[in-house]
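I opened this entry to keep track of what I looked up. The notes follow the order in which I went through the chains.

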Amino acid sequence: MKLRSFTYAVLVVGCAFAIFPYFLTVLTAFKGPGQLSETLPWEPGLPPSVAAFDRLFGSGFGGYLVNTALVTAGITLGQVVFAILAAYAFARLPFPGRDVLFWVYLSTLMVPPVVTMIPLYLMMQKLGLVDTWAGLMLPTMLGTPYAIFLLRQFFRSIPVELEDAARIDGAGRVRTLVSIVLPLSRPILVTVTTLAVVANWNSFLWPLIITSSEDKRLLSVGIALFKSEIGVDYNAVMAGSLIALVPLLVLFIVFQRFIVRSVAVTGLK
Amino acid sequence: MLRAAPRRTRRAARYRQTVVAYALLAPSLVGVLGFLLAPVVIVIVLSLFDWKLLATPEFVGLANYRKLLTDGDVWHSMLVTLYYVLICVPGTTILSLLLALLVDRKLRWMKYFRALLVIPWMATPVALGLVWTWIFDPGRGALNQFLGLFGIAGPAWLSSPLLAMPSVAAVHIWQFAGYNMLFFLAGLQNIPQSLREASSLDGASSAKHFFTITLPLLRPTMLFVLITNVIGSFQAFDTIFVMTEGGPGDSTEVATYLIYDEAFRKFDFGYASTISVLLFAVVLIATISQFVYFERRTTYEVSG
């Protein structure tokens, strides 16, 4: 009994600490025009106001939001589909070079993105893709070793017999994958997708480098630039941060149980 | 039952399977080989060139590396990076393990607590970096206001060369402790129930149970969490970019920031590539040595 109340006490403090910055964000984002951004966020006073959001969207934030949503959707879709195909080949098809390739894939997890940044930029320059959607999306879209690894682990845990039955009935590899393997893999697919969405939605360094025109600007870069472009308009920055968070929050709350379960199933050996 | 196929058809089938496999792999091969592996090779080649913006690249052999050896800024930034990693990795790992032990119980509302603790991980780092900048603000920031309640005059966290790094690292720990908690939680839940129950029998031996049974069984999870965190904290960029821009002075100028600065502000691609190679080598050594260490100590485990 004592242990239980102790657990709750620690959890409440821990959770308060985890969400405190968001609490500040909300209070600051809705501060009225009469209150300076310099004052304390929790100062009681004027009723909530959406003035900061008006200023934010007045300076192009709506466009960044749409850009980020589309780019995130596009990259994530590519990443997940291509990762499924690769993971299935690694999990189920014996082919020459499989083990070597798998180790090559895994080893690329160790490459810090900043190391590949210069060559990638120069490659995109050669291809004429600097400051284009393709240049922004292509490098992250095709190969995600992390997702491939997680999916492969999961696919291998599915009994082969289930697939054999379908194959004896004449279904091809792709058909088997789509109609047998994928429906059984829902938890890990949700997890991999969520991880990809969070990473892509929040990505900063590559968009900062590869795009320069404002009509291709993403949220992260936009928020970082707000810092300098409109002075430090903290109220607007906080309004932007809040908008950036909400979609991810909804996503996570909806899929939370899948994520914990799939992490447990894949075992992370 | 299927009859054994003649040899020729079997070989044809195997050939077909290889074709199918490589067809499935094709997009990711382009991505992994073209956009992850090839750039590593290219960056090594670039490190042998002197190449500034608009100038023609000129092969200079190991000149960049010679410059590197005596470049105080680079070694300073490597030390700063190491310092950052040495705060973040133990901090995140220990905190996330403690959190996992805490939420690994069947109590009411537990799933909401878990969800709340993971929220910092979803933070857009740039946005939350700005929120934290404000929390750390010496005059009007929440932290010093809070300390003020106890009559403590808080320091200027981010503009003090001594405190800036721990402050930025604290944000990193805040951001990733809950996320890593998920992996430890999964690891804990994979431990057989019979072994788990022993700890709740008597409180006195629960610490011993933790160190002799739980912790060794968590070793694979531990390896995963440590490695991903080491790699992750060597790459820290976003938060530092908005919180300190490497300052004050160069006290938070981690290697990634230095590389970004050399390449995309000073447009010295050759030298920036050389620093990239150095950073890559360090990450490689750090990762491999963890594998070796864990491999040597994990003898009982048969991977399946």
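Which domains does the domain assignment of chain A give? I found domain 1 (1-49) and domain 2 (60-268). I note here that the model is predicted.

**Confidence, chain A**

I checked pLDDT before going further. The mean for chain A is 85, and 89% of its residues reach 70 or more. Within chain A, helix H3 (residues 61-92) has the highest confidence, at a mean of 95, and helix H13 (residues 234-266) the lowest, at 79.

**Domains of chain A**

I looked at where the two domains of chain A touch. Domain 1 of chain A puts nine residues in contact with eight residues of domain 2 of chain A. The area buried between them is about 680 Å², and carbon and sulfur atoms give 72% of that. I searched this interface for salt bridges and the count was zero. Residue pairs in polar contact, with both at pLDDT 80 or more, also came to zero. On the side of domain 1 of chain A that touches domain 2 of chain A, I listed four nonpolar residues, four polar and one charged.

**Domains of chain B**

I repeated the lookup for chain B. Its assignment gives domain 1 (7-47) and domain 2 (70-296). The centres of these two domains, taken over C-alpha atoms, are 35 Å apart. Five residues from domain 1 of chain B and six residues from domain 2 of chain B make the contact. The buried area here is about 410 Å², with 77% from carbon and sulfur atoms. I asked which residues of domain 1 of chain B supply most of its share: Val43(B), Leu46(B) and Ser47(B) give 74%, more than any other three residues. Salt bridges between the two domains of chain B number zero. I did find one residue pair in polar contact there, both at pLDDT 80 or more. By class, the domain 1 side of this chain B contact has four nonpolar residues, one polar and no charged.

**Chain B against chain A**

Next I took the interface between the chains. I count 89 residues of chain B in contact with 94 residues of chain A. The area buried between chain B and chain A is about 8,300 Å², of which carbon and sulfur atoms give 80%. Leu24(B), Phe35(B) and Trp134(B) supply 10% of the area that chain B buries against chain A, more than any other three residues. Helix H1 (residues 7-46) of chain B gives the most to this side, with 23 residues. I sorted the chain B side by class and got 66 nonpolar, 16 polar and seven charged residues. How many salt bridges are there between chain B and chain A? The count is zero. Polar contacts between chain B and chain A come to eleven residue pairs, both at pLDDT 80 or more.

**Salt bridges**

I then counted salt bridges over all chains and got six. One that I looked up joins the side chains of Glu163(A) and Arg92(A), at 2.7 Å, N to O. Glu163(A) is in helix H8 (residues 160-168) of chain A and Arg92(A) is in helix H3 of chain A, so the pair, 71 residues apart, links distant parts of the chain.

**Backbone check**

Most residues other than glycine have a negative phi. I noted two positive values in chain B. Trp109(B) has a phi of about 65°, and I placed Trp109(B) in the loop between helix H3 (72-103) and helix H4 (110-122) of chain B. Glu245(B) has a phi near 50°; Glu245(B) is in the loop between helix H11 (238-243) and helix H12 (255-264) of chain B.

Definitions and conventions:
Residues numbered from 1 in each chain as written. Chains lettered and ligands numbered in written order. Heavy atoms only, no water. Contact = heavy atoms within 4.5 Å. Buried area = accessible area lost by both parts, 1.4 Å probe. Salt bridge = Lys/Arg side-chain N within 4 Å of Asp/Glu carboxyl O. Polar contact = N/O pair within 3.5 Å; in protein donor to acceptor, adjacent residues only side chain to side chain. Helix = DSSP H or I, 4+ residues; strand = E, 2+ residues; numbered from the N terminus. Nonpolar A, V, L, I, M, F, W, Y, C, P; charged D, E, K, R; others polar. pLDDT = per-residue confidence, 0-100. Domains from an automatic or database assignment.
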